[in-house]
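Please read the sequence and the coordinates side by side before turning to the report that follows.

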Amino acid sequence: MRPTFPIIVRRLALGIALAVPLHAMAHPAAPQPGPPPSPDAAAAQVQAWLAERLGPHAAADLRIHVTPEDDHLRVAAADPLVSGEAEATAALRPGPNGRWVMDRIRIPAATFTLPGPRGPAAYAFSIGAQDSHAVVDPALAAPSSLDLDLSDMGLTSNGPGLHQAEHVGRLAVHARLTPHGDRLDFDQQTTLAGWHSASRVSGKVATVAADQVQASSHIGGLDHRHAEALLAAVAGLLATLPADAAAAERGAPLPAPAHAAVLAWIDALRGPVADTHGAETVNGLTVTVAGQGEAHVRQMRMAADFSAARGLVHGWFDVSIDGLHVSGLPKDEAALVPTRIALHPTVAGVRLADLTTLMQEATEPGASPDRLRNDAQTLLMHPGVTLGMESISLTLGPATLFGHGHVTLTEHDGYAIDAHFIATGFDTLMAQAATNPAMRRSLPVLAVMRGFARQEGNRLAWDVTEHNGALTVNGIPLSANDQADSR
C-alpha cells in the first residue's frame, strides 16, 4: 500500500505556513516609533520578509502574496503541485496589546497529478468544515497560539495499478509558543478521529483504520534566535518539498532548495534546547488484507524524549502494543502472537555535534550506506556512551517476561553489560510448546533458558553480565572470549 497521508499533511502544512507572516513583526525588539505603516506598506513588509525567510525560489513556488483588503491584510499561498487558482488564504489584522490576529484560515480543495513508479497518478483532495485561527505577540513577550479545527477531509488517488481512498473525520491541532525570559517553549496537541484508508494495489485490497489518534509534542528552552531559525528552516522545507517526496516515492533526490532547507533545519538543532518530548497514542487500530486476515490493536503508544545538556545527548524511546489480536490464523500459529509488547530503550552520552554531523551526511546525494553505518557505529563507541533498556515486557500466552539492562562503553573499545530478567508462567508455556507443532522448534531454546534460571517463588530470574569479556548468567560463566570476539 502506498501511503497518501503525507499529501494530506502537506495540504495542512500549506495552511499552517500562512502563520509564518505573523513572525515577521518579531524582528524589532521593541515597537518602532512613528505611525503604523499603511496597508500597502504593511503588505509589502510582510511580502519582503517572506521572500527573505523562505528564499526567493520557495516564495515564488508557493506563489505567496499579501494584499490589503477592507480592514485586514489578505495572505494567500498556492501549492506548486496544484494547477489552477486554488489557494490557501487567511485574514491578518492588528489585535489588542500589539498582537496580530489571523482568522478565516482556509485550506482549499484541489486536484493534482504526481509522478509514480508506473506512471502519473491523479489525486483529489477535499475538505469540509474549517474553523482555524492564530494569535501572535510580535515581540514574543506573551504567549502566541495557533488552533486548527478541520472536518471531513478526504484524499483519493488513481493511477496505473493503484487506487486509494483516505478519509479523516476530524483533525484538531492546538499549538502554543510561551516565552520564559529569553527562552521559548513550544507545545502542540493533535487529535485525529475517524481515520480510514483503503487501497487496491495490483488487485490486492488492504485497509487501515483507527478510531482515534492523539499526539503531543514539547520543545523547551529555545532561544529566540534558534526559534526563528527553526521556524524559517521548517517553513522553507515545507515550501520546497518535491512532488516525489510528497507522494512518498523512494529514491528521488532532493532538489537544491529542499536540501538547503534540510541542512538549515539540522543546523538549527545545534542550538541550546533544554528538552524535547513527543508522544502518540493510537486507539482502535485495525489492519485488514483481503484474503489474508485482520489484525486489531486495542492501543498502540509511542513516546520519545531528548535533551542535550552540555553538548551530550540523553534520550529515550517508549513503544507499547496492547490487545494485539490477529484473526484468520490457525490456532497453533495464533498462540505465537504476543498480546502485549512494551519496550523502553535509552541512550546517553552521545555527542550532539557528532549526531548532527551524521544527520547532515545522511542528506548528501549519493550518501554511502556503508559509510553511514560505520559513522553511526563510531558515534556510539565513545567512552561514556550508555545504551540501555530501562524496561521490556512481553506477554505470550500464559507467560510474561520483564527485564531491564544497559551497555556502557569504556576505554579501549571495551564495554560492560548488566541485565536482569524475570518471567512468570514459563513452565506452562513450555508445556504448551510441547503439544503445539508451531512452537515445538522453540523447545530447545526454552529448555536452555529454564536450565539457567533461578527460582524465586513462582517466578524465574536471570542475571546476565559481561565484564572484561567474561559472560555469565546467574553467576555461571558462559564465555571467557576476548572482548573483540564476544562483541
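Leaving aside its neighbours within four places in sequence, which residues is Met439 in contact with?

## The surroundings of Met439

In this model, which is predicted, Met439 is in contact with Ala335, Leu336, Leu429 and Ala433, once its neighbours within four places in sequence are left aside. Met439 itself is found in the loop between helix H10 (426-435) and helix H11 (443-452).

One of these contacts spans a long stretch of sequence: Met439 and Leu336 are 103 residues apart along the chain, while their C-alpha atoms are separated by 7.2 Å. The relative accessibility of Met439 is 4%, and because buried means under 20%, Met439 counts as buried.

## Strands S1, S2 and S3

Strand S2 (residues 72-77) is joined to strand S1 (residues 65-69) by five bridges, with the two strands running antiparallel, and five bridges also join S2 to strand S3 (residues 88-94), again in an antiparallel arrangement. Leu73 can be followed across both pairings, since this residue of S2 stands opposite Pro68 and also opposite Leu92 in S3.

Five of the six residues of strand S2 are buried, and S2 is therefore largely enclosed by the rest of the structure. The hairpin of S1 and S2 has two residues between the strands, and Asp70 takes a positive phi near 55° there.

## The hairpin of S20 and S21

Further along the chain, strand S20 (residues 459-467) and strand S21 (residues 470-473) run antiparallel and are joined by four bridges, with His467 standing opposite Ala470 in S21. The hairpin of S20 and S21 has two residues between the strands, and in it Asn468 takes a positive phi near 55°.

## Confidence along the chain

The protein chain has a mean pLDDT of 79, and 75% of its residues reach 70 or more. Confidence is highest in strand S19 (residues 454-456), at a mean of 95, and lowest in helix H12 (residues 483-486), where the mean is 42.

Two further stretches call for care. Over residues 1-6 the pLDDT stays under 50, although the model has 29 contacts beyond four places in sequence for them; over residues 242-250 the pLDDT likewise stays under 50, and the model has 24 such contacts beyond four places in sequence. Where pLDDT is low, the predicted coordinates should not be read in detail.

Technical notes
Residues numbered from 1 in each chain as written. Predicted model: local features only at pLDDT ≥ 70, side-chain atom pairs only at ≥ 80, totals over all residues. Heavy atoms only, no water. Buried < 20%, exposed > 50% of the residue type's maximum accessible area, 1.4 Å probe, protein only. Pairing = 2+ DSSP bridges. pLDDT = per-residue confidence, 0-100. Contact = heavy atoms within 4.5 Å.
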